[in-house]
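Colleague: Before I rely on the wording used for the helices here, could you take me through the terms one by one?

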Amino acid sequence: MAPGELLTSGPEPPAQVSQPGERDRWARVGLGMEREAAAAAGWASVDTRGGPHSRAPLWLRAHVGGLLFSLGCAIQRHCGKVLFVGLLAFGALALGLRGAAVETDLERLWVEAGSRVSQELRYTKEKLGEEAVYTSQTLIQTARGASESVLTPEALGLHLQAALAASKVQVSLYGKSWDLNKICYKAGVPVIENGMIERMIEKLFPCVILTPLDCFWEGAKLQGGSAYLPGRPDIQWTNLDPEQLLEELGPFASLEGFRELLDKAQVGQAYVGRPCLHPDDPHCPASAPNHHSRQVPDIARELSGGCHGFSRKFMHWQEELLLGSPVRSPQGRLLRWGAPEGGGVRGPCGSGAAQDLLGQLAGTGRGQVCRPLPCARWNLSRFARCRYAPLLLQPRTKGLVLVLFGALLGLSLYGATWVQDGLTLTDVVPRGTKEYDFLAAQIKYFSLYEVALVTQGGFDYARSQRALLDLHSRFSALKSVLAPQPPRSWLHRYSTWLQGVQAAFDQDWAAGRITHHSCRNGSEDGALAYRLLIQTGDAKEPLDYSQLDKRRLVDADGLILPELFYVGLTVWVSRDPLGLAASQANFYPPPPEWLHDKYDSTGESLHIPAAPPLEFAQFPFLLSGLRQTADFVEAIEGARAACEEAGRAGIRAYPSGSPFLFWEQYLGLRRCFLLAVCVLLACTFVVCALLLLSPWTAGLIVLVLAMMTMELFGIMGFLGIKLSAIPVVILVASVGIGVEFTAHVALGFLTATGSRDVRSAQALEHMFAPVMDGAVSTLLGLLMLAGSDFDFIVRYFFVVLTVLTGLGLLHGLVLLPVLLSILGPPPQVSLPDGGSHLPHPDPVSLPLSPPHFFLGPSPAFRGPETGAGDASSTFILPPAHSHILVEASKDPSFPTITVVRTYKDSPPGPGLPSLTATGGSEAHWGTHASPGAFTTLTASVTVALHPPPLPGSYVQEVSEEPGHPMATEPKGPGPRC
């Protein structure tokens, strides 16, 4: 059929259909369905020739193709409605964008839902609440050169200026102004009965700031707040001498309890007793050791061993927290601090292929379908058929392909050993930025992570002290744990405090200052021990004075008396707030507040309320030296093993902190990845086997997909891409993406006829262009990622996906056709003579009536109620000098054609004349017609338009027995390349 010709088809309706509407509906049964007509004819040919074939796959794909075509026709007929509904849906979804929010909670982005880490996080938030969580903010100072040191007064002065600038930042939010002093974390503020002292302490109590400046008087400049007392200048940490202040206020107020508190905390002179970095500073206090000598302190010696806050007992900053990785001499002396220096500021802050097969079986007509322009004859399909397939399917080429892909697989297996687990923050931050430099320095020199060992409820803390201490010891023994000596957990501090109270009681008891009947003459701690020892825990008889000299608060092993555990916890929390804050116990439920007055001996004041059973407590730890993912995994495995060991002793505990939050996934990441890929490959095999109805073909597809995934994993190792949740998602998705490159080629092979080589060539001919177009469009989409400023986006997405696309092309268009030509399954349609094409089916005559006629070559269609007829009625062409009018109809694919012809003969007899057509090009009246009986003849019919092929498509010249370049036994001249 020449370009631009029109083709209509329509079977004659049954005789019982007489209504015009019914006849028109029946006439439209076959209209525009050339592929369906070809499919039906092909199916009939296969079904009647008796060659060995598989009926089920052909039947299934033919019917699925028919259903899809019907769906397309329905959408075409109601295109306006479909478009309207689609626009409504699009508008509704677009409104949902207003509620879209950027997820900034890394826990939700990184932690697997339902995992043990997510359950532990939920438990922590249920007990402490969102507001109880604080974050650490870090300021890092680096030397300008690798050989320079920042262990100089000038460098520390610069550090002070930067820290002061950061601490004075104010933010206006919710109608209020917020600064560091309002939101920072403060160690427990003691409760003092003297109102004046309590208000002064509340104003002066500093934030917890870890800085090397705490070794010097200049560290006081970072502590905000001030207090006013009559007759004195404003009290600040730069001029506050607590010992001198207590001496001045002693005559005016009773401060024994406060003095005892400061003595226990070892506050001393606070900052004014420390050396000045710049002795010439006019504000340098006279109590500074180098005030009079004006000698610059030895900074390396002062920083060795760490520094202290205002309390030497509870605020010891370890050297590793302040100096990172300093350079030392063989004797252990600090020589150079060329590494970054920092201080922490903490604050709470497929049916088409079936139709192609059936069309191939039945649509090979005599003559040529279309003659495209010479410039459009060469395209990807023609290249695949005439050049690529003959070269690829040569025996030598096949062997070379198998060797090369085997080498690629072996190299990828070696590269897989190079893949490391991990994803650091520097991977997701643009290089060359200040943020990247900061994170790189932090990872290199300050690889310290605050973690906690959380103990839950569900067991008796009072009778599980030994198990708790053993758990703490096992955790402290981990290689990465920076454990202070002596241990500083809440249980150790609680026990040590009770031992001190017991010692004070023993002294007062031996001296007679405390008796069975009174404790007024004893010390504060002795009176506390007196009240603790008489507690019974019985609501009816809460006090028993006979127990004073018969039991002790802490036994020889350091274990607290179980009967007094929760009573003593109330006293410790109320009387030792600095020790409690330093322990970071975070008790829940919190023990009640209790005020002690040793002079009040009434029964109500002697009774001490017991703290509620604990449901949450924690032991804080510091992990150091964690730079590689293997270090994190080792630390996590050790922590989990310690918790499991404690669980066998009845202790319910879990580790908490950022290492467990973000690196926990690596414990089973590779196992889960392997399991996911195996499950996905198995599912792919099942789906392909069901849809293709060929387990053999599905097995080859899965084999190629497994090779693609393995090779992509190995290439990641050579590219230095680390394995984390994001690359694992891409690797798992590579199985599904690879299906797009392999399933189409496999289906084309499966639905072709002939030998394996011929079928592989036909699959490449039909699928080379679609697969290549899909790959090119994917690469064009990925190009947008190549220009990202984030190295993470370029390496983990653009590079990986580009490599995946390239591997898909190579495996889909090179390896798979070779494997199919060697190991491919038998065809689903095999011809008796072993050829690659069925001969053209015999023409089927269609009884025609005036509203139904064909223009050009007619497809062989066997409609209902139609039998064999005269082959001479197969073709009909418009009469000479006729006019063809095209009228649009509801369905744009099927317009209405009106043919008008003028005659000068006599009027016709009853009914319309019958028209016949011969193999020529002119229509003839039947013998019973009377031309000239009327002046004009008008016939309107709905037809299907068949436009010329799109540029780049291949139009085959059909012949009696078409052949293929790869066919071993061609039956005719075959198509020309």
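What follows is a conversation about helix packing and burial.

Modeller: This is a predicted model, in which local features need pLDDT of at least 70 and side-chain atom pairs count only at pLDDT 80 or more, while totals for chains, interfaces and linings use all residues. Residues are numbered from 1 along each chain as its sequence is written, and side-chain values use heavy atoms, with hydrogens and water left out.

Colleague: Why are H29 and H30 called roughly antiparallel?

Modeller: The axes of H29 (residues 756–786) and H30 (residues 791–823) cross at roughly 175° and come within 10 Å. Angles over 145 degrees count as roughly antiparallel, under 35 as roughly parallel, 65 to 115 as roughly perpendicular and the rest as oblique, and H29 and H30 are therefore roughly antiparallel.

Colleague: What makes H16 oblique to H27?

Modeller: The axes of H16 (residues 395–416) and H27 (residues 695–719) come within 7 Å and cross at roughly 50°, and that angle makes H16 oblique to H27. The crossing is left-handed, meaning that the near helix is turned anticlockwise from the far one by less than a right angle. Among the residues that meet (heavy atoms within 4.5 Å) are Phe-405 and Leu-408 in H16, and Met-707 and Phe-713 in H27.

Colleague: How do you know that H21 is mostly covered?

Modeller: In H21 (residues 565–575), 10 of the 11 residues are buried, a term for under 20% relative accessible area with a 1.4 Å probe, protein chains only. The buried residues include Phe-565, Tyr-566 and Trp-572, and their cover includes H18, H19, H20 and H22.

Definitions and conventions: Axes are lines fitted to C-alpha atoms, for helices over the stretch in contact, and angles run from 0 to 180 degrees between N-to-C directions. Helices (H or I, at least four residues) and strands (E, at least two) are DSSP runs, numbered from the N terminus. Buried means under 20% relative accessible area, exposed over 50%, partly exposed in between (1.4 Å probe, protein chains only).
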